[in-house]
Amino acid sequence: LESLAQETTELSDPRMALRSLDLSANGLGLLGTQRPATDYEHLPGALRRDGHSHPPAPAIALVANMVARNKSITSVDLADNSAGDAGQLGLVQLCEAVAQNTRLGSLTALDLSGNLLIGHDSRRRVLSARRATRRATRST
């Protein structure tokens, strides 16, 4: 998880011209969830407890932080990562990051297929993120 934190921090650098990121089928939704959330407080974007009783999946939160900050990325593939299996907050953060990126950056494609989305709120946020990427696609 520390390696992923380092990589996502480097990929967030505005000088990076990252266009596409494929992290599909890596089990990121479960990575780091076996340890207490306080073990990850030092990682950028890994903890955000805004009223939710469970911390996000740290790896998904790290990717979300990178997506929010990288303005050159156009495509992110997180399919089949067990995102949502250990809680929905990581997906919520990812969807918020996508919305932020599509307003200020260039993200036009996000693949979350094969991940667990539970409840109306998670589905609503994913649909909102999908609409944001479609609007970004039409405006380019």
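This section describes the fold of a predicted model, from its overall make-up to the surroundings of two buried residues.

The protein chain contains four helices and three strands, which follow one another from the N terminus in the order α-β-α-β-α-β-α. Of its 140 residues, 42% are buried. Among the contacts that link residues at least 6 apart in sequence, 82% join residues at least 24 apart. The area that the protein chain exposes comes to about 7,200 Å², and carbon and sulfur atoms supply 51% of this area.

The three strands form an open sheet in the order β1-β2-β3, with parallel pairing. Its edges are formed by β1 (20-22) and β3 (109-111), each of which pairs on one side only. Averaged over the sheet, and with direction ignored, neighbouring strands are turned by 0° against each other. Strand β2, which comprises residues 75-77, is joined to β3 by three bridges, the two strands running parallel; within this pairing, D77 has D111 of β3 as its bridge partner.

Helix α2 covers residues 58-69, and its 12 residues should span 16 Å at 1.5 Å a residue; the C-alpha atoms at its ends lie 17 Å apart, in agreement with that expectation. The helix is mostly covered, 10 of its 12 residues being buried. The buried set consists of P58, A59, I60, A61, L62, V63, A64, M66, V67 and A68, and the buried residues of α2 pack against α1 (2-11), β1, β2 and α3. Helix α2 thus has packing partners among both the helices and the strands.

Helix α3, one of the elements against which α2 packs, likewise has end C-alpha atoms whose separation, 23 Å, agrees with the 22 Å that its 16 residues should span at 1.5 Å a residue. Buried positions in α3 are L89, G90, L91, V92, Q93, L94, C95, A97, V98, N101 and T102. An α-helix has 3.6 residues a turn, so residues three or four places apart point the same way.

The polar residue N101 belongs to helix α3, which comprises residues 89-104. Its relative accessible area is 0%, and N101 therefore counts as buried, the cut-off being under 20%. Apart from neighbours within four places in sequence, N101 is in contact with V67, N70, K71, I73, S106 and L107. For V67 the approach includes a polar atom of the N101 side chain, which lies 2.8 Å from the backbone oxygen of V67. The C-alpha atoms of N101 and A68 are separated by 5.2 Å in space, although the two residues are 33 residues apart in sequence; V67 and A68 are both among the buried residues of α2.

A second buried residue, S12, is located in the loop between α1 and β1. With a relative accessibility of 3%, S12 falls under the 20% cut-off and is therefore classed as buried. A polar atom of the S12 side chain lies 2.8 Å from the backbone oxygen of T8. When neighbours within four places in sequence are left aside, the contacts of S12 are with N65, M66 and R69, and of these M66 is listed among the buried residues of α2.

Conventions
Residues are numbered from 1 along each chain as its sequence is written. This is a predicted model: local features need pLDDT of at least 70, side-chain atom pairs count only at pLDDT 80 or more; totals for chains, interfaces and linings use all residues. Side-chain values use heavy atoms; hydrogens and water are left out. Two strands pair if DSSP finds at least two bridges between them. Axes are lines fitted to C-alpha atoms, for helices over the stretch in contact, and angles run from 0 to 180 degrees between N-to-C directions. Buried means under 20% relative accessible area, exposed over 50%, partly exposed in between (1.4 Å probe, protein chains only). Contact means heavy atoms within 4.5 Å. A polar contact is a pair of N or O atoms within 3.5 Å; within protein, one must be able to donate a hydrogen and the other to accept it, and residues adjacent in sequence count only if both atoms are side-chain atoms. The expected span of a helix is 1.5 Å times one less than its number of residues. Accessible areas come from the Shrake-Rupley method with a 1.4 Å probe; for residues, only the protein chains shown count as cover.
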